[in-house]
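I set out to record, entry by entry, what I looked up in this structure. The entries follow the order in which I turned to each topic.

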Amino acid sequence: MRPNLKNLLFGLAAVVDPSRRNLLFGRRPQTPTAPRPPWATARFLDRCTRCGDCATACPTQIIKVGEAGFPMVDFAQAECTFCGDCARACTPLALDQSISPPWKIYAEINASCLADRGVECRICGEVCDEQAIRFQLAVGKVAHPLVNAEQCTGCGACVSACPSQSIRLLELIS
Ligand code: SF4
Ligand code: SF4
Ligand code: SF4
């Protein structure tokens with residue numbers, strides 16, 4: 001099979017820097033973020049009336065009241081299914097489902113990961129429907145999770161599943 005360039009870079013970066021869990025393919029990470037709801041427009045702050053309708057509509061209840069009353073997403077208990085109910089509830093069009101992708105966030109696994117302490121754990125990979133987490137094998141060590149930021153949708157499913165709270169979401173700057 002002909003090697004795919006992204007997969008090649010993915011493997012290469014892991015070999016060069018095994019501690020680097022997230023492979024960005026030229027995109028820069030921003031600081032940790034409490035994301036706005038998906039499909040937030042560039043005019044989100046102008047348009048959002050802080051009505052809370054998106055939070056009420058969200059079936060997984062991940063939309064909470066954030067700073068200054070604006071909605072934010074909290075993945076501590078659940079994930080985004082990208083059902084679109086929040087955006088459909090947003091009559092001021094602060095959220096707009098025509099935006100693609102819905103947001104630019106991806107998962108990052110930090111050093112408190114159980115694998116760093118020699119404990120075998122693959123829960124994050126098992127819950128990731130996008131198969132954005134793969135496990136790097138190393139002789140004499142437990143396998144380490146690696147996030148492929150290109151495949152990660154930022155759904156957050158791995159965040160609440162992680163038994164050591166080692167995963168957070170970062171925003172990407174194009
Ligand atoms: S429904 Fe729209 S206007 Fe209302 S809080 Fe949510 S994003 Fe803001
Ligand atoms: S897309 Fe659905 S699950 Fe995701 S935040 Fe909106 S309402 Fe909640
Ligand atoms: S945020 Fe979702 S898509 Fe990204 S690694 Fe976690 S489970 Fe997979």
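Entry 1, cysteine 80. In this predicted model, I asked whether cysteine 80 is buried or exposed. Cysteine 80 counts as buried because its relative accessibility is 8%, below the 20% limit for that class.

Entry 2, ligand 2. I looked up which residues come nearest to ligand 2. Cys80 is one of them, together with Cys58, Cys83, Gly84 and Cys86, in a set of 14 residues around the ligand. I sorted this shell by class and noted 10 nonpolar, three polar and one charged residues.

Entry 3, ligand 1. I then turned to ligand 1, which 13 residues surround. Cys48, Cys51, Gly52, Cys54 and Cys90 are the closest. The shell of ligand 1 comprises nine nonpolar, two polar and two charged residues. I checked Cys48 further: cysteine 48 has a relative accessible area of 12% and is therefore buried.

Entry 4, disulfides. I searched the whole structure for disulfides and found zero.

Entry 5, the core. I examined the largest nonpolar core, which has 41 residues. Ile62, Phe75 and Ile167 touch the most other members. I listed the elements that give two or more residues to this core: α4 (85-89), β5 (105-109), β6 (133-138), β7 (141-148), α6 (157-161) and β8 (167-173). Domain 1 (5-31 + 106-173) and domain 2 (36-102) each supply at least three residues to this core.

Entry 6, isoleucine 62. Setting aside neighbours within four places in sequence, I found isoleucine 62 in contact with Met72, Val73, Asp74, Phe75, Ala78, Glu79 and Cys80.

How values were computed: Residues are numbered from 1 along each chain as its sequence is written. Chains are lettered from A and ligands numbered from 1 in the order in which they are written. This is a predicted model: local features need pLDDT of at least 70, side-chain atom pairs count only at pLDDT 80 or more; totals for chains, interfaces and linings use all residues. Side-chain values use heavy atoms; hydrogens and water are left out. A residue is near a molecule or strand if one of its heavy atoms lies within 4 Å of it. Ala, Val, Leu, Ile, Met, Phe, Trp, Tyr, Cys and Pro count as nonpolar, Asp, Glu, Lys and Arg as charged, and the others, Gly among them, as polar. A nonpolar core is a set of buried Ala, Val, Leu, Ile, Met, Phe, Trp, Tyr and Cys residues joined through side-chain atoms within 4.5 Å. Buried means under 20% relative accessible area, exposed over 50%, partly exposed in between (1.4 Å probe, protein chains only). Helices (H or I, at least four residues) and strands (E, at least two) are DSSP runs, numbered from the N terminus. Domain bounds come from an automatic or database domain assignment. Contact means heavy atoms within 4.5 Å. A disulfide is a pair of cysteine sulfur atoms within 2.5 Å.
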